[in-house]
Each structure stands twice: as C-alpha cells, then as structure tokens.
Amino acid sequence: MIAPIENMPAGTLGFRASGRLSREDLAEVVLPPIHEAIDHGEKIRLLFEIHSDFEGLAPGAAVEDFKADIQLGLGRHSAWERFAIVSDLDWVRRAIGAFGWMAPGELRLFAESEPEAAQAWLAA
C-alpha cells in the first residue's frame with residue numbers, strides 16, 4: 001500500500017509505502033503526480049518513506065515499476081533532481097548502496113527517524 005504524504009514542502013512529492021505495493025498503487029497513486037509535474041516542466045524532488053512492514057512489490061507492480069523506470073528514468077532523466085529514501089530496512093539500504101548510482105538525479109538515504117531532514121534536503 002502506498003499513500004501520498006501530506007504537507008510536503010513546495011515543489012516536492014512524497015509517498016509512504018507499507019505492506020505490499022500493488023500495480024494499482026503505482027499506476028493510480030505514484031505515477032500520476034510525477035507525470036503531471038514533468039508535463040508542467042517541473043523538476044522532480046521525490047521522497048519515499050519505506051516503513052519496516054514494507055514487503056516489496058507484488059508481481060504486477062514489478063512490471064509497472066520497470067515500465068515506469070524506463071519511461072520516467074531513462075526517457076526523462078533530466079527531470080529528476082533529488083530523490084530521498086527514508087528507511088531502516090536493511091535490504092532497502094543494501095539495494096540503494098548497490099544500485100543507487102543508477103537513479104536519475106541526486107539520491108540520498110535517510111533513517112526512519114529523519115523524515116524532516118529528508119524533506120528539508122529535498123526543498124533546499
């Protein structure tokens with residue numbers, strides 16, 4: 001499940017992930033505001049809070065995520081400015097360490113106790 005984070009700083013988007021992320025979560029919650037921002041010529045400054053009960057992507061979500069990575073990551077690479085991930089999950093932290101260099105824009109990882117610091121970094 002994923003939900004938008006309310007009261008994000010101006011010019012930023014934020015989402016909170018828990019449980020298992022479905023294809024619908026990505027297609028209906030995450031991707032529309034990203035597409036809208038890109039269509040309006042805005043730079044993407046994105047926060048993802050991944051909580052300790054996050055179980056990963058459902059099979060359909062993995063396919064949707066891959067398609068979005070190709071379309072938004074590679075196709076619109078210059079639109080991505082900053083990407084903050086807030087998580088204490090060891091497997092998430094290891095994945096970011098191994099694959100974070102492929103993320104478009106600047107990527108930073110924050111502990112679950114640092115969501116305000118992540119938002120401040122995005123807004124700076």
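# Reasoning from values to terms

Visitor: Why does Glu81 count as partly exposed?

Guide: In this predicted model, Glu81 has a relative accessibility of 30%. Since buried requires a value under 20% and exposed a value over 50%, Glu81 fits neither term and is therefore called partly exposed.

Visitor: What makes the pairing of Glu81 with Arg45 a salt bridge?

Guide: The side chains of Arg45 and Glu81 come to 2.7 Å, nitrogen to oxygen, and because the term asks for a side-chain nitrogen of Lys or Arg within 4 Å of a carboxyl oxygen of Asp or Glu, the pair qualifies. Arg45 belongs to strand 4 and Glu81 to strand 6, with the two positions 36 residues apart in sequence, so that distant parts of the chain are linked.

Visitor: How do you know whether Arg45 is buried or exposed?

Guide: The relative accessible area of Arg45 is 16%, and because the limit for buried is under 20%, Arg45 is buried, whereas its partner Glu81 is partly exposed.

Visitor: Which other pair links distant parts of the chain, and why is that pair a salt bridge?

Guide: Arg20 and Glu55 meet through their side chains at 3.9 Å, N to O, and since the limit is within 4 Å, this pair is a salt bridge too. Arg20 sits in strand 3 (residues 20-21), while Glu55 is placed in the loop between strand 4 and strand 5, 35 residues apart. Arg20 has a relative accessibility of 42%, so it is partly exposed, neither under 20% nor over 50%.

Visitor: What makes Arg82, Glu106 and Arg108 a network?

Guide: These three residues are linked by salt bridges, and one of the links joins Glu106 to Arg108, whose closest N and O atoms are 3.8 Å apart, which is within the 4 Å limit and therefore counts. Glu106, at 35%, and Arg108, at 39%, are both partly exposed. In the whole structure, six salt bridges are found.

Visitor: Why is Phe99 called exposed?

Guide: The relative accessible area of Phe99 is 53%, and because exposed means over 50%, the term applies to this residue of helix 3 (residues 90-99). Phe99 also joins Trp101 and Met102 in a nonpolar surface patch of about 420 Å²; since members of a patch must have over 30% relative accessible area, the 53% of Phe99 meets that condition.

Visitor: What makes Ala111 buried, and which residues does Ala111 touch?

Guide: Ala111 has 18% relative accessibility, so it passes the test for buried, under 20%. Ala111 lies in the loop between strand 7 (106-110) and helix 4. Leaving out residues up to four places away in sequence, Ala111 touches Val86, Ser87, Asp88 and Arg93; the C-alpha atoms of Ala111 and Val86 are 5.5 Å apart, although the two residues are 25 apart in sequence.

Visitor: Which residues have the most contacts inside the largest nonpolar core, and where does the core come from?

Guide: The largest core has 20 residues, and those with the most contacts inside it are Ile2, Val30, Ile34, Ile44, Leu46 and Phe48. Strand 2 (13-17), helix 1 (23-39), strand 4 (44-50) and strand 6 (80-86) each supply at least two of its residues, with helix 1 giving the largest share, five residues. A second, separate core of nine residues includes Ile5, Ala84, Val86 and Leu122. Beyond its neighbours within four places in sequence, Ile44 is in contact with residues including Ile34, Ile38, Trp80 and Glu81.

Visitor: How do you know where confidence in the chain is lowest and where it is highest?

Guide: Helix 2 (residues 59-74) has the lowest mean, 53, and helix 4 (residues 115-123) has the highest, 97. Over the chain, the average pLDDT is 85, and 85% of the residues score at least 70. Where pLDDT is low, the predicted coordinates should not be read in detail.

Key. Residues are numbered from 1 along each chain as its sequence is written. This is a predicted model: local features need pLDDT of at least 70, side-chain atom pairs count only at pLDDT 80 or more; totals for chains, interfaces and linings use all residues. Side-chain values use heavy atoms; hydrogens and water are left out. Patches are made of residues with over 30% relative accessible area and no salt bridge: like charges are joined within 9 Å, nonpolar side chains (Val, Leu, Ile, Met, Phe, Trp, Tyr) within 5 Å. Accessible areas come from the Shrake-Rupley method with a 1.4 Å probe; for residues, only the protein chains shown count as cover. Helices (H or I, at least four residues) and strands (E, at least two) are DSSP runs, numbered from the N terminus. Buried means under 20% relative accessible area, exposed over 50%, partly exposed in between (1.4 Å probe, protein chains only). pLDDT is the predictor's confidence in each residue, from 0 to 100. A nonpolar core is a set of buried Ala, Val, Leu, Ile, Met, Phe, Trp, Tyr and Cys residues joined through side-chain atoms within 4.5 Å. Contact means heavy atoms within 4.5 Å.
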